[in-house]
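Let's take a friendly walk through a protein fold, moving from single residues to whole helices. Keep the sequence and the 3D view side by side as you read.

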Amino acid sequence: MGLTFGLKMRNSRQQSLWRFVCVLTLAALSACASMPPVSTRTAPPNLEKEVYDPFEGFNRAMYSVNDGLDRAVIGPVARGYQAVTPRPIRQGVRNFSNNLGEPISFVNELLQFDLHDAGRAFSRFFINSTVGIGGLVDVAAQTPELAHQAEDFGQTFGTYNVPAGPYLVIPLLGPTNFRDLAGRAGDLAINPLTWSEFEGDSAFRAGTGVFGGLDTRARAEETLENIRNSADPYVSLRNLYNQDRETDIHEDSDPFEDLPEFE
């Protein structure tokens, strides 16, 4: 009996580890598909910091690998997905992925002491998970105050003035830095799909990661082409990633501005 119990515990730990590795792999595939940031915002001049890039030789090689993979496989598949999949289905996939991110946003808003936006994330998750059929329909977005706004641990670390560290280009994962790479681990741990168990959970995670990644990659087509047509695509991507992240971190510079004033 003791041996049987021990084997069950061991198998349980192995299954949990396997699920974690599976989700991590899917996260990498999804991130690869979204290598160029979808956002085309330009950071204010005071946020344009020089990027610390001590591994530029390695990073340029990895950029070439990712770019070649995108040209040969991911890009064509993403365009095919966009061409054959009806818009309502693509929007449903996008809504579902966004809804899975709401618990991540909720935790990070709390850590940033932004109670207003934490309430927004909680409300969005509750409304869309129930009335919105598990998040497939973004019912909450019908209220302007409940529009989607993603937050992650990389942004939270930035608000605590954690240095970004060296810039990195990782195979499949694409552009990042030490701070954001650590943040992704925290985001992954909070994602509801990471540890949930149900019949066919592995296939469901695979489908969510792949189709969500393809949708994001398809929407980044124009940004990617602008990067590729620049004088130095590597530097353009590096600067765009850095500016986009700095803007995300500093967009809510005063987390207490929405709190009531006491005199």
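Does Gln 112 count as buried or exposed, and why? With a relative accessibility of 11%, Gln 112 counts as buried, because the cut-off for buried is under 20% relative accessible area. Please keep in mind that this is a predicted model.

**The whole protein**

Start with the overall layout. The protein has 10 helices and 2 strands. Following the chain along the sequence, you meet the elements in the pattern α-α-α-α-α-β-β-α-α-α-α-α. Of its 263 residues, 39% count as buried. Now take the contacts between residues at least 6 apart in sequence: 74% of them join residues at least 24 apart.

**Four buried residues**

Here are four residues to find in the 3D view.

| Residue | Place | Relative accessibility |
|---|---|---|
| Glu 102 | helix α3 (residues 87–111) | 0% |
| Gln 112 | loop between α3 and α4 (115–130) | 11% |
| Gln 155 | helix α5 (residues 153–159) | 2% |
| Gly 209 | helix α8 | 14% |

Begin with Glu 102, which is buried, with a relative accessible area of 0%. Which side chain does the side chain of Glu 102 join in a polar contact of 3.0 Å? The partner is His 148. Once neighbours within four places in sequence are left aside, Glu 102 is in contact with Arg 120, Ala 121, Arg 124, Phe 125 and His 148.

Gln 112 sits in the loop between α3 and α4. Its side chain makes a polar contact of 3.2 Å with the side chain of Glu 151.

Gln 112 also turns up in the surroundings of Gln 155. Setting aside neighbours within four places in sequence, Gln 155 touches Gln 112, Ala 150, Arg 245, Asp 248, Ile 249 and Glu 251. For one of these partners, Arg 245, compare two kinds of distance: Gln 155 and Arg 245 are 90 residues apart in sequence, while their C-alpha atoms are 7.5 Å apart in space. With Asp 248, the side chain of Gln 155 reaches the backbone oxygen at 3.5 Å.

Gly 209 offers a similar exercise. Its C-alpha lies 8.5 Å from that of Ser 97, yet the two residues are 112 apart in sequence.

**Helix α9 and what covers it**

Next, look at a whole helix. Which residues of helix α9 (residues 221–228) are buried? They are Thr 223, Leu 224, Ile 227 and Arg 228. Seen down the axis of α9, these buried residues fall within an arc of 135°, so they line one face of the helix. The elements that cover them include α2 (56–84), α8 (201–219) and α10 (233–250).

Let's follow one of these, α2. Two packed helices are described by the angle between their axes and the distance between the axes. For α2 and α9, the angle is about 145° and the axes are 13 Å apart. The crossing of α2 with α9 is left-handed.

Which residues meet there? From α2 come Tyr 63, Asp 67, Asp 70, Arg 71 and Arg 79, and from α9 come Glu 221, Leu 224, Ile 227 and Arg 228. The residues of this contact divide into 3 nonpolar, no polar and 6 charged. Leu 224, Ile 227 and Arg 228 are also among the buried residues of α9, so you can pick them out on the buried face of that helix.

Definitions and conventions
Residues numbered from 1 in each chain as written. Predicted model: local features only at pLDDT ≥ 70, side-chain atom pairs only at ≥ 80, totals over all residues. Heavy atoms only, no water. Helix = DSSP H or I, 4+ residues; strand = E, 2+ residues; numbered from the N terminus. Buried < 20%, exposed > 50% of the residue type's maximum accessible area, 1.4 Å probe, protein only. Contact = heavy atoms within 4.5 Å. Polar contact = N/O pair within 3.5 Å; in protein donor to acceptor, adjacent residues only side chain to side chain. Arc of directions from axis to C-beta. Axes fitted to C-alpha atoms, helices over the stretch in contact; angles between N-to-C directions. Left-handed = near helix turned anticlockwise from the far one by under 90°. Nonpolar A, V, L, I, M, F, W, Y, C, P; charged D, E, K, R; others polar.
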